[in-house]
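Thanks for asking me to look this one over with you. Have the sequence and the 3D view open side by side, and click along as you read.

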Amino acid sequence: MKRIVLLGATRGMGRELGRQFAGEGAELFLLGRSLEELAKTATDFKERAGGDAKVGSAYCDLEDPASFAPALQAAQDGLGTIDAIIVTAGLFATQEKLEADLDLTQRLLTVNFALTVTFCEQARSLLLAQGGGALCVFSSVAGDRGRKPVVLYGASKAGLSAYLEGLDHKYRDQGLITLCVKPGFVRTGMTTGLKEPPFAGDPEAVAADVRRALEKKKAVVYAPGMWRWVMFIIRRLPRFVMRKVGF
Ligand SMILES: NC(=O)c1ccc[n+]([C@@H]2O[C@H](COP(=O)([O-])OP(=O)(O)OC[C@H]3O[C@@H](n4cnc5c(N)ncnc54)[C@H](OP(=O)(O)O)[C@@H]3O)[C@@H](O)[C@H]2O)c1
């Protein structure tokens with residue numbers, strides 16, 4: 001049986017991943033900043049697992065680094081050996097909003113990069129100490145190339161993607177499988193109200209792609225898969241083109 005820790009399962013892609021794992025009989029431990037939302041999510045997952053599943057939870061706020069160690073300890077106490085720690089929690093704001101609000105910019109850069117990496121460093125130590133496991137973290141296609149609509153959010157995810165690649169290079173042969181998930185545009189609460197680009201996806205398909213990538217011990221997965229080819233082209237466009245276009 002799989003034993004999985006999820007940070008960010010109360011909404012969006014994390015919620016869907018948790019539902020799918022619950023449906024296949026995994027034992028789950030949920031981390032999040034609202035005990036009320038965690039309790040509701042745990043009830044949802046238990047129902048999907050057929051009622052008698054164990055779903056533990058503990059407080060963990062990405063903006064409160066003091067909460068990281070106790071949360072991971074609670075997860076280990078609850079599950080014993082952990083197969084995977086999955087981080088979907090993150091912040092998004094439009095480029096326009098961020099440019100107009102320096103405090104929000106600092107908060108987003110801190111949460112998406114510095115604090116997520118700080119959490120992952122503790123998750124990495126835990127997994128290596130127990131002999132290995134998977135660390136699966138949601139970055140974004142926005143981190144693959146500097147682009148006008150996501151200058152700041154993209155920079156936070158570029159840093160996160162680089163960190164995850166380094167972890168994969170350094171620790172894979174010690175049993176730590178690092179999976180960097182790069183979603184394209186996915187319909188969740190995070191993207192409500194934004195203009196949909198072509199190839200927008202849904203959390204169900206993304207979660208299935210991520211589960212497959214974990215099974216195959218991949219280092220990177222684009223989801224939906226079409227974004228792999230979209231970004232393949234965008235990464236190769238010359239700068240003079242990127243300055244002219246709006247994406
Ligand atoms: N949706 C997209 O198109 C898209 C595209 C590329 C990358 N991504 C990335 O994919 C990940 C998941 O996105 P999503 O669309 O599923 O997001 P979402 O629906 O907004 O869900 C975000 C989750 O993160 C949690 N969270 C936020 N701040 C937190 C904090 N300080 N401490 C603990 N938990 C916190 C939320 O918990 P609460 O219930 O407490 O709010 C929620 O469970 C994010 O990292 C996002 O940047 C998304």
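Here are my notes, point by point.

1. First, a word on what you are looking at: this is a predicted model. Keep that in mind as you go through the points below.

2. Let's begin at strand β1, residues 3-7. How many of its residues are buried? The count is 5 of 5, so the strand is mostly covered. Try looking along the strand to see which way the residues point. Arg-3, Val-5 and Leu-7 go one way, while Ile-4 and Leu-6 go the other, and both groups are buried.

3. Now find the partners of β1. Strand β2 (residues 27-32) pairs with β1 in the parallel sense, and 5 bridges link the two. If you want a spot to check, pick Arg-3, whose bridge partner in β2 is Glu-27. To get from β1 to β2 the chain passes through helix α1, and this β-α-β crossover is right-handed. Strand β4 (residues 84-87) is also parallel to β1 and is joined to β1 by 4 bridges. There, Leu-6 of the pair sits opposite Ile-86 in β4.

4. Next, go to strand β6, residues 176-183. Why can we call β6 largely enclosed by the rest of the structure? Because 8 of its 8 residues are buried. The residues point in two directions here as well: Leu-176, Thr-178, Cys-180 and Lys-182 face one way, and Ile-177, Leu-179, Val-181 and Pro-183 face the other, with all of them buried.

5. What pairs with β6? Strand β5 (residues 133-138) does, in the parallel sense over 6 bridges, and Val-137 stands opposite Cys-180. Between β5 and β6 the chain runs through helix α6 (residues 151-171), making a right-handed β-α-β crossover. Strand β7 (residues 220-223) pairs with β6 too, again in the parallel sense, over 4 bridges. In that pairing, Lys-182 is opposite Tyr-222.

6. Please give the next unit a second look. Is the β-α-β unit made by β6, α7 and β7 left-handed or right-handed? This unit is left-handed. Compare that with the crossover from β5 through α6 to β6, which is right-handed. Rotate the view and trace both paths yourself.

7. While you are at helix α7 (residues 203-215), find Glu-204, which belongs to this helix. Glu-204 is partly exposed, because 13 other C-beta atoms lie within 10 Å, and a residue needs 20 or more to count as buried. Glu-204 also makes a nice lesson in folding distance: Gln-20 is 184 residues away in sequence, yet the two C-alpha atoms are 8.4 Å apart in space.

8. On to the inside. The largest nonpolar core holds 67 residues, and Leu-6, Leu-28, Cys-136, Val-137 and Val-210 have the most contacts within it. Helix α5 (residues 102-129) gives the most to this core, with 6 residues. Cys-136 is a good one to click on: leaving out residues up to four places away in sequence, it touches Ala-84, Ile-86, Leu-179, Val-181, Val-210 and Leu-214.

9. Finally, the ligand. It is surrounded by 28 residues, and the closest are Thr-10, Gly-12, Gly-90, Thr-188 and Met-190. Which element supplies the largest share of this shell? That is helix α1 (residues 12-23), with 3 residues. By type, the shell splits into 11 nonpolar, 12 polar and 5 charged residues.

Methods: Residues are numbered from 1 along each chain as its sequence is written. This is a predicted model: local features need pLDDT of at least 70, side-chain atom pairs count only at pLDDT 80 or more; totals for chains, interfaces and linings use all residues. A residue is near a molecule or strand if its C-beta atom, placed from the backbone, lies within 6 Å of it. Ala, Val, Leu, Ile, Met, Phe, Trp, Tyr, Cys and Pro count as nonpolar, Asp, Glu, Lys and Arg as charged, and the others, Gly among them, as polar. A residue is buried if 20 or more other C-beta atoms lie within 10 Å of its own, exposed if 12 or fewer, and partly exposed in between; C-beta atoms are placed from the backbone. Two strands pair if DSSP finds at least two bridges between them. A crossover is right-handed if, with the strands pointing away from the viewer, the path from the first strand over the helix to the second runs clockwise. A nonpolar core is a set of buried Ala, Val, Leu, Ile, Met, Phe, Trp, Tyr and Cys residues joined through C-beta atoms within 7 Å. Two residues are in contact if their C-beta atoms, placed from the backbone, lie within 7 Å.
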